[in-house]
Every structure is written in C-alpha cells, then in structure tokens.
Amino acid sequence: MTSQTITAAAAGTWKLGDRTVHRIGFGTMRLPQHGEAFAPDAVPRDRDQAIKVLRRAVELGVNHLDTAAFYFSPLRCANELINRALAPYPDDLVVATKVGPSRGPSGNWLPHATPGQLRGQVEENLRQLGRDHLDVVNLRIVGTDSIADRFGALAELRDAGLIRHLGLSNIRTHHLAEAQAIAPVVCVQNMYGIGVSPEQEELLRLCGEQRIAFVPFYSIAGSGRTAGAPADDSSQVHAIARARGVSSAQVRLAWTLHRGSHVLAIPGTGDLDHLAQNVAAGSLSLSEDELAVLDSLHHATV
C-alpha cells in the first residue's frame, strides 16, 4: 500500500450521535511522551513533533480524536497539545475525552471521581482544550458497581450544554443498559483486538444491534497495553503482513475494523510514518481466508 496517499476516508464513516466521523481516528495517550504512557520517568515528546503529528492526522482526514486530561507527562499534556495544534478547530472534528480517573501533578493516580467531582473534571477538559463544550465525554470506570450516580451527573452536564454526547469506557455489559436508561450512549470504548476476552464480543454485538459506536483501545498493543505493541507478534499475523506488504499493526487494525461497520479505531503514535500506516490500514480489505486465520487466532487466545 502507498500509505502516503491514503486518507482516513478509505475506512468509511460512522455516526457519533449527530456527528459523522471516519472509522480511523487518532488516540493521544502516547503523544505526550516517548515510550510507555504514564511512566513516572517518561521523557516528554518534542512539542513541535507532537503538533506536527496532530496536524498531519487532520490533513489525512482524521476527524475523531481520543484524549483525556490525565494523558500527560512532565511538560506535556495531550489536551493542550491538541489545543495548540488544531484551534480554531475544524467544524467536522470530534474530540472525545474521558472522565473518572485522574492523576496528581506528580503523575500519581488518584481515586476515581465521585459524582460531585465530575463537573470539575469536565471543566478541566474544557479549559485545556479551549472549548465551551465537549463533543463526547466517556465515563471511564473500574469494576462492576453501579454507574447510575456518576452517569447521571454527566447527563446533567449534558442537559446544561457542557457536553454534546455521552459514552462509556472500560465497562461490563450490564453497565450499558444501566446508562441507556438514563441518557443516550453514543459509544462504548473498551479494550478490544485479536485475543480479547469473550465478554468483549458480547459488548461488540450489543453495540451493533443498538447502533452504538464500539471504539477499541489497545487494538494494536494488545497485552502490551500502555507500553505499546509487543515486538514478537504471532506468526500468523506476520505471515499475512508479509504477503500483503504491510505491517503487523496494519493487519491488526484491519481485522478490528472488519468486526463491524460500527467499529471505530483510535490507534495512537508520535511518529509521522506510523501515523500514515495506521490511517492506510483503513483501506486494507482482508480476504475471507485471511479473516478465517485471524479469527482462529483470536478464538484460540481468548
């Protein structure tokens, strides 16, 4: 593939509420630093380089960014990089952020926000991004407890005009029904890729039936999580990548997008070449035989 000439439009589109986005987006978790996200000794990424990557993503047709106020390293904050690179924002750009978790100034993780603390987190995102409202706010949770109070607090901020659309992150299946009874959910953002747990398949199906966007994170990194993609990918993925003349990461992204028209990908990088490759993965149409091999690998590792 000549990735330099392929834009995000090749992946097709889906709607986040009333906003239409290309199915290949961009995640900013890895943008503020080199190496593993959230590492206490992380080396900040060069500001100009990070800004170039964000601007190039938009030039390549990316109109869905994923971010969070807790995506920061010493000297660099993803939200402020987005503001610096892209404000005034293009009319078609959707910036989705997350609330719930937070980190102290030294980077230490703090207890998840209570319902009463969520407004402060929303206002922090507004301030850093330089916006008067947020396009999409995902409530990110840990555990299986009820989310009604927290999601209800965000629904009130939506009614007040601070938030346009609501989503969920890192949830279990019962959380989706609980939230939907309070306010519309436009997306579910969970870990998903080759080899994920069977419960994620159920969420993928439920979202498709309800026309809710399913937005995987770690679809390339997999078990590498915040550290990024492991160097030793499976032989099956490597074989398909070699035959197609693409990278293993592109194969993984393409497989993820093949899981349903409602699936959106948000791969992140601080490298311009990797950015172009990730966007180009949206044009990679896997054959039935290739999908069968990858599906078999997926089911063998869950």
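Visitor: Why does D295 count as partly exposed?

Guide: This is a predicted model. D295 has a relative accessibility of 24%. Partly exposed runs between under 20% for buried and over 50% for exposed, so D295 fits the middle class.

Visitor: What makes R259 and D295 a salt bridge?

Guide: Their closest N and O atoms are 3.2 Å apart. The cut-off is within 4 Å, so the pair qualifies. The pair links distant parts of the chain. R259 sits in the loop between α8 (248-257) and α9 (272-280), and D295 in helix α10 (residues 288-301). They are 36 residues apart.

Visitor: Why is E209 called exposed, but R205 partly exposed?

Guide: E209 has 54% relative accessibility; exposed means over 50%, so E209 passes. R205 has 37%, which falls between the two limits, so R205 is partly exposed.

Visitor: How do you know that E209 forms a salt bridge with R205?

Guide: The closest N and O atoms are 2.5 Å apart. That is within 4 Å, so the pair counts. Both residues lie in helix α6 (residues 198-209), four residues apart, about one turn of the helix.

Visitor: What makes R119 and E123 a salt bridge?

Guide: Their closest N and O atoms lie 2.9 Å apart, within the 4 Å limit, so the definition is met. Both belong to helix α3 (residues 118-129), four residues apart.

Visitor: Why is E123 called partly exposed?

Guide: E123 has a relative accessible area of 35%, between 20% and 50%, so the label holds.

Visitor: How many salt bridges does a search of the whole structure find?

Guide: Twelve.

Notes: Residues are numbered from 1 along each chain as its sequence is written. This is a predicted model: local features need pLDDT of at least 70, side-chain atom pairs count only at pLDDT 80 or more; totals for chains, interfaces and linings use all residues. Side-chain values use heavy atoms; hydrogens and water are left out. A salt bridge is a side-chain nitrogen of Lys or Arg within 4 Å of a carboxyl oxygen of Asp or Glu. Helices (H or I, at least four residues) and strands (E, at least two) are DSSP runs, numbered from the N terminus. Buried means under 20% relative accessible area, exposed over 50%, partly exposed in between (1.4 Å probe, protein chains only).
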